[in-house]
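Me: I have a structure to go through, and I would like to know the reasons behind the labels. Please set each value against its cut-off.

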Amino acid sequence: MSHNEDKEKPDSIQRRKLIRRLGAGMVGASLGIPVIMSARALVPNALYEKPLRFKAGQPEQFTQGPTFIADQGVFVFREGQAFYCIGATCTHLGCTVQIVNVGRGRTQTIEFHCPCHGSKFRADGTNFDGPAPRPLSYFRLDFAPDDGQLVVDLSQQAEKGWRLSLT
């Protein structure tokens, strides 16, 4: 064997190894990708978040004053034949505010107090004490066309003082 033939054989062997590895990689990819896609099909395409629109209940179920809907984090208020909704999330760091009765007799009103950092809000959601930078959010209400229930829409904020009337 000549000196040139010895040099060519190791190069051709390395090329063969490279071609074999590339081929094995392509076969592995062609078999592996469908397996991965099949495994992904076993995981449902579902969001595990709260819905932004939900039915809160029939209007006659709500008593005068606030009703706290804990799983959605909102207060639905009834004032006579009118309804409105205020979010229960403190605008400081997102804790859930609590209703506190303030005053006595005819001067008794409600306030929202944040148990985390001491923010306080008036009955209309206006912040007046503590680190909260903004008032509590108002959300739109509507009646469901199919059964007449109150529907809260957390995707649509309402202006302070907004009301939905039964009449």
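The turns below take up the cysteines, the salt bridges and the nonpolar core of a predicted model.

Me: Why are Cys95 and Cys116 called a disulfide?
Reply: The sulfur atoms of Cys95 and Cys116 are 2.1 Å apart. The cut-off is 2.5 Å, so a pair within it counts as a disulfide. The structure holds one disulfide. The pair links distant parts of the chain, with Cys95 in the loop between β4 and β5, Cys116 in the loop between β6 and β7, and their positions 21 residues apart.

Me: What makes the link of Cys95 and Cys116 left-handed or right-handed?
Reply: The angle about the S-S bond is -110°, and the link is left-handed.

Me: Is Cys95 buried or exposed, and how do you know?
Reply: The relative accessibility of Cys95 is 18%. Buried means under 20%, so Cys95 counts as buried. Cys116, at 41%, lies between the limits of 20% and 50% and therefore counts as partly exposed.

Me: Why is Cys90 without a bond to Cys114?
Reply: The sulfur of Cys90 is 3.8 Å from the closest cysteine sulfur, which is in Cys114. A disulfide needs the sulfur atoms within 2.5 Å, so this distance is too far for a bond. For Cys85 the closest cysteine sulfur is in Cys90, 16 Å away, and that is also too far for a bond. Cys85 is buried at 0% relative accessibility, and Cys90 is buried at 3%.

Me: Why do Lys55 and Asp146 count as a salt bridge?
Reply: Their side chains meet at 3.0 Å, N to O. The limit is 4 Å, so the pair qualifies. Lys55 is in strand β1 and Asp146 in the loop between β9 and β10, 91 residues apart. Asp146 has a relative accessible area of 60%, over the limit of 50%, and is therefore exposed. Lys55, at 40%, is partly exposed.

Me: Which other pairs pass the salt bridge test?
Reply: The whole structure has five salt bridges. Among them is Arg163 with Glu79, at 3.4 Å. Another is Asp124 with Lys160, whose closest N and O atoms are 2.9 Å apart. Shared partners join Lys55, Asp146 and Asp147 into one network.

Me: What makes up the largest nonpolar core?
Reply: The largest nonpolar core has 29 residues, and Val76, Val97 and Phe112 have the most contacts inside it. The elements giving two or more residues to this core are β3, β4, β6, β9 and β10.

Key
Residues numbered from 1 in each chain as written. Predicted model: local features only at pLDDT ≥ 70, side-chain atom pairs only at ≥ 80, totals over all residues. Heavy atoms only, no water. Helix = DSSP H or I, 4+ residues; strand = E, 2+ residues; numbered from the N terminus. Buried < 20%, exposed > 50% of the residue type's maximum accessible area, 1.4 Å probe, protein only. Core = buried A, V, L, I, M, F, W, Y, C linked by side-chain atoms within 4.5 Å.
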